[in-house]
Amino acid sequence: MTLAELKPGQMAFVHEVQSKGVEQGFKTRLEAMGFVNGKPICVMRSAWFGGPLQVRVGSTTELAIRRSEANLVFVVIDPSTEN
Amino acid sequence: MSTCHSGAVVKEAPNATKRIGVIGQPNTGKSTFFNRITNANAAVANWPGLTVDLMKAVVKLNQEAVEFVDLPGIYDLNGFTDDEKVVQRFLESFAVNMILVVLNASQIDRQIRMALQVKSLGLPGVVLLNMADEAKRYGVQIKTLELSERLGMPVYPISAKYGTGCQGAIAGITRTLAEQPNTYQVANLVEHLNENPVTEAEMEETLAGAVQMPSLTAKTFTNRIDGVMLHPIFGLPIFFASMFAVFWFIWTVGIPSADPVDAVTGWLQATILEPSLAFLPDIIQDFIINGIWTGFTSILSFLPLVALFFVIMSALEDSGYLSRAAYLMDAFMSKLGLDGRAFVLQMMGFGCNVPAIMGTRVIRSRAMRLLSMLIIPFSLCSARLQVFIFILAAVLPGIHGAIALFLLYIFSFVIAFALSAILSRHKNFKSNEPFVLEIPPYRFPTIKQVLLRVWHEMKHFLGRVTTFVVLGTIVIWFLNNFPPGTEGIDTLAGQLGQFFAPIMEPIGINPYLTVSLIIGFIAKEVQIGALAVIYGLSDDTLGVKISESLTILQGFSYCLFSLLYIPCLTTISTIWGESKSVKFTVFSMIFPLVVAWIVCFIFYQGALLLQA
């Protein structure tokens with residue numbers, strides 16, 4: 001599933017960032033921000049009116065990402081979800 | 001062939017002065033450390049072959065002169081953005097003895113990549129783990145000696161903001177530098193990193209046992225505050241309330257701040273300047289006092305206001321709140337073809353358009369960047385504010401004037417965003433730029449930090465503005481005093497105003513006001529001063545004259561036109577410098593003129609119809 005489909009508070013792990021059909025450097029940028037295979041990730045909140053998601057990558061990096069970009073990040077669910 | 005060598009290559013002739021390149025991700029406090037080590041002595045320097053200027057400074061380390069170069073903050077040495085290309089080109093064109101890598105200690109789990117890339121390139125380096133105090137609060141544990149061994153580079157935890165560990169780090173840098181007689185230039189940087197990429201496995205290996213990151217579900221103090229600030233229902237209202245509070249503060253503190261300054265400059269003029277020039281011929285005295293001195297006093301009089309804006313914006317940015325603002329406004333901004341950061345830039349434009357225009361550098365998509373640069377000048381900057389306060393005080397005194405001013409602020413936003421919504425459909429301004437923005441923890445800015453930033457901003461502001469303001473006052477002096485012996489409508493100024501009367505009358509703007517608008521094009525700070533000169537009155541009696549000769553509608557139409565019509569020359573030169581396109585710069589001048597005329601026409605004629 002994609003990052004955009006995660007519910008707030010749901011823990012998951014980054015699988016991969018799609019690079020096909022996206023501007024050059026998008027994947028590199030996301031990797032530098034922590035979106036690498038196996039990295040824990042969770043959605044903290046989503047803004048109203050289709051606004052961006054606030055996402056925590058690892059334990060100390062938080063960022064805002066639009067849903068359209070979040071749809072390019074594939075994640076796998078940790079079976080032991082919490083919150 | 002081109003790929004026979006890649007990575008760092010020892011140069012045969014070492015640098016005369018040792019050079020250290022400082023790299024790091026954005027928002028790691030790299031510049032704070034740079035300022036610390038160079039004692040804020042750095043100057044912007046041009047580097048042949050690079051498209052941007054870089055800060056550099058020469059520092060004495062152990063009796064030796066060492067050059068530090070502040071390279072742009074980048075996410076990845078192997079990246080594709082303009083800034084990343086600058087760093088790549090720098091390392092390939094200029095030899096360094098060593099690289100200083102500044103990392104955010106709390107985010108070492110991902111930022112270690114940069115140190116490993118430097119290692120992969122074979123460049124000698126020193127790693128600074130900045131914001132170590134914050135890392136401790138997060139619960140990040142780092143064994144610096146072990147990390148240092150694995151990287152093959154010395155590692156120093158510091159806090160550039162508070163100074164902790166900096167002396168030790170500088171001593172360490174000095175020691176390491178002493179062991180680096182060679183200088184290195186990188187060949188084929190991108191290729192080398194493509195063939196020898198830093199893998200996740202390598203990062204994990206480097207960190208395992210040396211770094212412990214805190215729990216994934218830790219709820220920090222910042223998270224608690226964000227529970228309110230980014231609340232789905234309360235977040236936006238809180239944001240708007242805080243914006244309103246800022247403007248209210250500007251209104252009550254910033255605007256009256258001009259009075260003491262005016263009192264001082266007025267006293268200086270009367271007691272020192274005028275007597276000392278009394279021996280000169282009248283026309284020269286007049287030129288110096290009303291041509292040049294008036295220009296300076298106009299700038300001085302509203303410096304406190306601009307400084308206040310810069311203080312507030314710097315504090316907001318350093319605290320981390322502006323990232324939240326961008327997050328909250330992004331849903332709305334994306335419908336206008338822009339993103340949340342463009343909203344923050346628009347807000348910055350209310351102090352002065354110029355730093356906001358320069359701030360568009362963070363927008364990588366050229367289409368979106370141009371669109372943002374086009375609408376920023378519709379922000380009600382502090383220079384325009386001066387014009388409105390004066391005119392509204394004359395034609396709409398009291399509470400009505402305050403309401404009219406508030407309406408002008410609202411209108412500034414509305415027109416900027418409406419135009420953006422329309423223009424973003426055009427192919428030149430259409431963009432699909434991804435929106436990914438780091439949200440830092442809340443930080444309490446130190447007074448020193450904010451004042452230092454404001455000092456730099458004000459220095460740049462004065463440098464830019466002085467030229468055009470003085471030019472503006474000279475021009476108006478000239479237009480008003482020639483042909484010699486003429487008054488009012490017969491001077492060059494009056495004739496110029498009359499020339500435009502056919503198009504300005506229908507929007508309620510008389511020839512004298514028209515000339516002030518022409519001067520306002522040069523610099524808006526002297527727009528009202530120009531009006532005083534043309535009417536042949538002092539600023540005090542001008543107010544009375546305005547209230548007698550302008551109707552409320554005419555006054556407001558003049559304000560509306562002043563708000564929209566054209567950016568000042570300083571802004572235009574900045575637009576040109578940033579866009580590097582003559583065509584776009586010309587468009588950014590003509591487009592607002594047309595918009596201003598149409599809007600004022602609708603307002604003035606519409607209001608007249610309603611009155612009748």
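Here are some worked exercises on a predicted model with chains A and B.

**Exercise 1. Work out the fold order of chain A, and whether its radius of gyration agrees with that of a compact globule.**

Start with the inventory: chain A has 2 helices and 5 strands. Now walk along the sequence, and you get β-α-β-β-β-α-β. For the size, the C-alpha trace covers about 35 × 30 × 25 Å along the principal axes of chain A. Then compare with the rule of thumb: a compact globule of 83 residues should have a radius of gyration near 12 Å, and chain A comes out at 12 Å, so the two agree.

**Exercise 2. Do the same for chain B, then find out how its domains are laid out.**

Count first: chain B holds 27 helices and 12 strands. Its radius of gyration is 28 Å, close to the 25 Å from the globule rule for 612 residues, so chain B is as compact as a globular protein of that length. The C-alpha trace of chain B spans about 80 × 60 × 50 Å along its principal axes.

Next, the domains. The domain assignment puts residues 7-212 of chain B in domain 1, while domain 2 is written as two stretches, 236-432 and 448-611. Take the centres of these two domains over C-alpha atoms, and they sit 42 Å apart.

**Exercise 3. Describe the contact between chains A and B, looking in particular at the chain A side.**

Begin with the head count: chain A brings 30 residues to the contact and chain B brings 31. On the chain A side, look for elements that give at least two residues each; helix H1 (26-32), strand S2 (40-46) and strand S4 (61-65) do so. Finally, sort that side of chain A by class: 13 residues are nonpolar, 12 are polar and 5 are charged.

**Exercise 4. Say how H22(B) and H23(B) are oriented to each other, and which residues bring them together.**

What do you need for a packed pair? The angle between the axes and the distance between them. Here, the axes of helix H22 (residues 511-522) and helix H23 (residues 527-535) of chain B come within 8 Å and cross at roughly 140°. Angles over 145 degrees would count as roughly antiparallel, and the pair is therefore called oblique. As for handedness, H22(B) and H23(B) cross in the right-handed sense.

Now the residues. H22(B) contributes Tyr512(B), Val515(B), Ser516(B), Ile519(B) and Gly520(B), and these meet Gln527(B), Ala530(B), Leu531(B), Ile534(B) and Tyr535(B) of H23(B). By class, that makes 7 nonpolar, 3 polar and no charged residues.

**Exercise 5. Repeat the analysis for H17(B) and H18(B).**

Distance and angle come first again: helix H17 (residues 382-395) and helix H18 (residues 399-423) of chain B have axes 9 Å apart, at an angle of about 145°. The crossing of H17(B) and H18(B) is right-handed. From H17(B), the contact uses Phe388(B), Leu392(B) and Ala393(B); from H18(B), it uses Gly401(B), Ala404(B), Leu405(B) and Leu408(B). The class tally for this contact is 6 nonpolar, 1 polar and no charged residues.

**Exercise 6. Check the backbone at Pro483(B) and Met131(B), and place each residue in chain B.**

Take Pro483(B) to begin with. The peptide bond leading into it from Phe482(B) is cis, with omega near -10°. To place Pro483(B), look in the loop between helix H19 (447-481) and helix H20 (492-499) of chain B.

Then turn to Met131(B). Its phi is positive, about 60°, although Met131(B) is not a glycine. Met131(B) belongs to the loop between strand S7 (125-130) and helix H4 (132-138) of chain B.

Methods. Residues numbered from 1 in each chain as written. Chains lettered and ligands numbered in written order. Predicted model: local features only at pLDDT ≥ 70, side-chain atom pairs only at ≥ 80, totals over all residues. Domains from an automatic or database assignment. Axes fitted to C-alpha atoms, helices over the stretch in contact; angles between N-to-C directions. Helix = DSSP H or I, 4+ residues; strand = E, 2+ residues; numbered from the N terminus. Parallel < 35°, antiparallel > 145°, perpendicular 65-115°, else oblique. Left-handed = near helix turned anticlockwise from the far one by under 90°. Contact = placed C-beta atoms within 7 Å. Nonpolar A, V, L, I, M, F, W, Y, C, P; charged D, E, K, R; others polar. Rg over C-alpha atoms; globule rule 2.2 N^0.38 Å.
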